[in-house]
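Q: I have not looked at this structure before. Could we go through it together, one topic at a time?
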Amino acid sequence: METTYKVKVWKTATNKNAGRTTYTVRWTLDGREKRSTFATSALADAFRAELVSATRRGEAFSLATGRPVSHDRGMSAMNWYDFAVQFADAQWERTAGNTRKNTAKTLTATTIALLRTSPAAFEPVDVRTALREFAFNTRRREEAPPEVTRILKWVERSTLTMAAWEDPIKVDEVLRAVTMRLDGRQAAASSVKRHRRILNVAMEYAVKHRMLRENPLPKGRGAVPRTSNVVDRRSLIPPNRMARMLFRIRRRPRGGRRLHAYFATVYYTGPRPEEAVAMYVDDVLLPPEGAEDQWCDVVLHTAEPEVGKNWTDDGAVHEERGLKGRAEGATRVVPGPPALTRALRAYIKAEGLKPGDRLFPGEKGGVLAGSVTRRAWRSARKDEFTEREYESPMGRRIYDIRHTRLTKWLNDGNPPAQVAYWAGNSVAVLLTVYAGCIDGQVPDLKRRMEALGDLPEVTEVE
């Protein structure tokens, strides 16, 4: 359906012919005139008022019928901004903090793309901040300062209606907008996929509540960019480099002992960083010092991802959750080698930690901050690596320590099902993600295949 936003509505014309008076409403679409005649002035005025209201709301008009798209297809004339606020509120109670934050980012980019005019009276960064941090944040919206409120009122007046989603060209513009970064470059495929997933949920919500008749987002192959979750083997950390980095972290004058124990736990047992910071002293089952078996057990049952105080229900920086992808109350037990047992035993004793205490508390108590662990890891990499290695993927993220451990478990010949349990993944995900990192088994596989023999030698064919 071809549509346009270039609409002008003229005054109603009065026609007197053979003793009969009629009233004609005239308007133009892209310069082409449209007319509709009525028997009474009241009907003409009501119709003209609908056209004027549609233009003020920024609705698209059908070039074929001359009417607003919402008239032709029974679409809601609700303002997109009002819908986006409603959708954000509906999602707030049912989603975690990171999902709330990502929803706000997607809705912000979409709203900017659906503005009828650029925000000439406001700085673009202020408009984005007002939308992301207040408009689409259920907990903070009522706390918006006056300058933010002025911006949001302007956005509400300047946003197109839901009928804009009936225009395929406008849909393409929105999808292009959410795939671009602020610097004009293409966003990462994973970010684009996340935006599309959130937009799709919003469109399904609109259909369910009869604001749209169908989901306007394109489907099928090529609609969403392909993403790869396969671990880059270049990000793995060789054992000798990991040992040296742990040594450097241990010697940090501020918090070195605690950070060394934290990174050693991540390396030897492979928890996600948000699972490691949620551990308590009781979660480490250490053997007696004189026992022959010096393996310990680490019990993981909680995750505390760093979300940001603006996106949690209680205003805390971290949000307490269960283990990823597991039922509420689920736990997993991971064995820690004697090296970890010695490190944790010495750390707990030196710090005077008791059962019920956090295993890795922050400097002022509470959860160990991600900024602290990232700064320590970044500093250790810079001190240990050459300039070229520092710029490489090797150990660039703390999560790469987990990747290194899971890869080692697989390369050591542990059954994938067992590794998947220790990692908190499914076997399918484990093998898909780490398929390119499994190494060291090829020589043995070659010998086994060679032992099966080759094709028999043929000297003559009858």
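Q: Which helices each supply at least two residues of the lining of the largest cavity?
A: Please note that this is a predicted model. The helices are H3 (80-92) and H4 (97-113), each of which supplies at least two residues of that lining.

Q: Which of the elements has the largest share of that lining?
A: Helix H3 has the largest share, with three residues.

Q: And which residues line the largest cavity?
A: The lining is made up of Ala-88, Gln-91, Trp-92, Thr-95, Arg-100, Thr-103 and Phe-136.

Q: How much space lies in there?
A: The largest cavity holds about 40 Å³ of space. One cavity of 30 Å³ or more is counted in the model.

Q: Let us turn to the nonpolar cores. How many residues are in the largest one, and which touch the most other members?
A: The largest nonpolar core has 52 residues. Those touching the most other members are Tyr-262, Phe-263, Leu-359, Phe-360, Trp-377 and Ile-401.

Q: Which elements each supply at least two residues of this core?
A: Seven helices and one strand would be a long list to recite, so here it is plainly: H9 (239-250), H10 (256-269), H12 (338-351), H13 (370-384), H15 (399-411), H16 (416-423) and H17 (427-434), together with strand E8 (296-300). Helix H10 gives the most, with seven residues.

Q: What is Ile-401 in contact with, leaving aside its neighbours within four places in sequence?
A: Ile-401 is in contact with Ile-237, Met-242, Phe-263, Val-266, Tyr-267 and Trp-377.

Q: What lies apart from this core?
A: Another core, of 43 residues, lies apart from it. Among its members are Phe-87, Ala-88, Ala-113 and Leu-175. Ala-88 also appears in the lining of the largest cavity.

Q: Back to H16, please. Which of its residues are buried?
A: The buried residues of H16 are Val-419, Ala-420, Trp-422 and Ala-423.

Q: Where do they sit around the helix?
A: Seen down the axis of H16, the buried residues fall within an arc of 165°, so they line one face of the helix. As background, an α-helix has 3.6 residues a turn, so residues three or four places apart point the same way.

Q: What covers that face, and what follows the helix?
A: The cover over the buried residues of H16 includes strand E9 (332-336), H15 and H17. Gly-424 follows H16, and its phi is positive, near 80°.

Q: You mentioned E9. What is the order of the strands in its sheet?
A: The order is E7-E8-E9, in an open sheet of three strands with antiparallel pairing. The edge strands are E7 (284-285) and E9, each of which pairs on one side only.

Q: How many bridges join E8 and E9?
A: E8 and E9 pair over five bridges, in the antiparallel sense. Leu-300 stands opposite Arg-332 in E9.

Q: Now the backbone. What is the phi of Asp-30, and where is this residue?
A: Asp-30 has a positive phi of about 55°, although it is not a glycine. The residue lies in the loop between strands E4 (20-29) and E5 (32-38). Most residues other than glycine have a negative phi. Asp-30 is partly exposed, with a relative accessible area of 38%.

Q: And Arg-210: is this residue buried or exposed?
A: Arg-210 counts as exposed, at 75% relative accessibility. Its phi is also positive, near 60°. Arg-210 is found in the loop between helix H8 (189-208) and H9.

Note on methods
Residues numbered from 1 in each chain as written. Predicted model: local features only at pLDDT ≥ 70, side-chain atom pairs only at ≥ 80, totals over all residues. Heavy atoms only, no water. Core = buried A, V, L, I, M, F, W, Y, C linked by side-chain atoms within 4.5 Å. Buried < 20%, exposed > 50% of the residue type's maximum accessible area, 1.4 Å probe, protein only. Helix = DSSP H or I, 4+ residues; strand = E, 2+ residues; numbered from the N terminus. Contact = heavy atoms within 4.5 Å. Arc of directions from axis to C-beta. Pairing = 2+ DSSP bridges. 1 Å grid on protein atoms, 1.4 Å probe; cavity = no way out; pocket = protein on both sides within 12 Å on 5 of 7 lines; lining within 4 Å. Points joined across faces, edges and corners; volume = space filled by probe spheres on them.
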